[in-house]
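Reader: I'd like a close look at one part of this model, the salt bridges. Could you walk me through who pairs with whom, and how covered the partners are?

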Amino acid sequence: MKTFLTAILAGTAAFVMAAENMIAPTQIADLKKINGSGTLTVDSEKVFELKGVANFLSTKILTIDPKKTYKLSGEFKAKDGTKPAKLYFGFAPLNAKKTWVVSERIQGMKGTETVLTADAKPGDTVLKIKDGSKWKYNSGLVAFNVKADMSDIPNANLSPAFNAVVKDGDGYIVKLVKPLKKAYAKGIMVRQHRSAGTYQYAAAASAKLSDEWKTFSAVISGEATKEAAITNNKWWYTTRNVRILILGNYSGNKDSVLQFKNIKLEELTR
C-alpha cells in the first residue's frame with residue numbers, strides 16, 4: 001500500500017511540475033488582447049476563432065532556463081469561405097524582473113565603437129562621431145556611454161533612429177530622424193545598435209494561411225550572445241520569462257476569420 005501511495009504522489013507531483021512548465025491556452029481568460037478590434041471566441045472543442053484583426057499575449061508567464069529546451073506549437077487556419085490573412089506566432093521576451101526585453105538595447109553592433117567629437121544637445125538631429133566606417137548599415141540607433149567589452153548591454157541610453165551616416169571631413173555625421181532628448185558630452189564612447197522589432201517571431205513570421213489546418217512550431221534553446229542578441233532559435237539576451245504571442249489576421253480586415261487550437265509552450269528538457 002505504501003509503495004502504491006508513493007507512486008500516486010510521485011505521479012501527481014510530475015503532473016503538477018509539467019503543468020508549471022507549460023503554457024497551454026484553452027479558454028478566453030488564457031489570452032489577453034493587447035490591441036486590435038477583432039473579437040475572440042472559443043467553442044466546446046477548445047478551438048479559438050478570431051473575427052477581425054487583433055493581437056494577443058498569453059495571460060500566463062513562463063519562467064525559462066536558457067540551458068533547457070522548449071517547444072512552441074499550435075495549429076492555425078483561415079475559416080472556410082474567408083480570405084486568408086497572415087500570422088505571426090512567437091514570444092514576448094521578458095527579463096528576470098518580468099519587464100520587456102527591448103531589442104534595441106541588446107543588439108549592439110560589435111566593432112562599431114567610436115567617440116562623439118562634439119557635444120550632443122537635446123533637440124539636435126545631427127551627431128558628430130570620429131569613425132563611422134564600420135557602421136555597416138545606414139539605419140539604426142546610437143547607444144551612448146558604451147564599453148568596448150559590451151558590458152554596458154542592455155543599454156537604455158539610445159538616440160532616436162537614424163537614417164544616414166555620412167563622411168564629413170575627418171569624421172562622420174549621423175542624421176537622426178527625430179530630435180535627441182538628452183545631452184551627451186564630447187568624448188564619450190558610442191556604438192551603433194539595431195532594432196529587431198518588439199517580439200521574437202520564432203514559429204511564424206508573416207506566414208500566409210489557408211483553409212486547411214497547419215501546425216507551426218519552433219524549438220528554442222540557449223541564449224544569444226551580446227554580439228548576436230537577436231535570433232529565433234535562441235532566447236534573446238537576458239530573457240528569463242516569456243509570454244506566447246499571436247498576431248492574428250495580420251494585414252487582414254474585419255472580415256478575416258482566424259481559427260487556432262492546441263497552442264502550447266512546453267519544456268522538453270527534464
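Author: Start with E113, D152 and R191, which are joined in a network of salt bridges; a salt bridge here is a side-chain nitrogen of Lys or Arg within 4 Å of a carboxyl oxygen of Asp or Glu. Keep in mind that this is a predicted model, where local features need pLDDT of at least 70, side-chain atom pairs count only at pLDDT 80 or more, and totals for chains, interfaces and linings use all residues. Residues are numbered from 1 along each chain as its sequence is written, and side-chain values use heavy atoms, with hydrogens and water left out.

Within that network, the R191 and E113 side chains meet at 2.9 Å, N to O. R191 sits in strand β14 (residues 189–193) and E113 in the loop between α2 (103–106) and β9 (114–115), so their pairing ties together parts that are 78 residues apart in sequence. Helices (H or I, at least four residues) and strands (E, at least two) are DSSP runs, numbered from the N terminus. As for cover, R191 counts as buried, at 0% relative accessibility, while E113 is partly exposed at 23%. Those words have cut-offs: buried is under 20% relative accessible area, exposed is over 50%, and partly exposed is in between, with a 1.4 Å probe and protein chains only.

The structure holds eight salt bridges, so here are a couple of others. E267 and K68 meet at 3.6 Å, N to O. This pair links distant parts of the chain, 199 residues apart: E267 belongs to strand β18 (residues 257–267), and K68 to the loop between β6 (62–63) and β7. E267 is buried at 6% relative accessibility, and K68 is partly exposed at 29%.

Then there's K79 with E49, a salt bridge of 3.5 Å, N to O. Again distant parts of the chain are linked, with K79 in the loop between β7 (69–78) and β8 (86–94), E49 in strand β4 (residues 48–51), and their positions 30 residues apart. K79 is partly exposed at 31% relative accessibility, whereas E49 counts as buried at 12%.

For the wider charge picture, the protein carries 41 positive and 24 negative side chains, and the centres of the two sets lie 3 Å apart. Lys and Arg are the positive ones and Asp and Glu the negative, leaving out His and the chain ends; each charge is placed at NZ of Lys, CZ of Arg, CG of Asp or CD of Glu.
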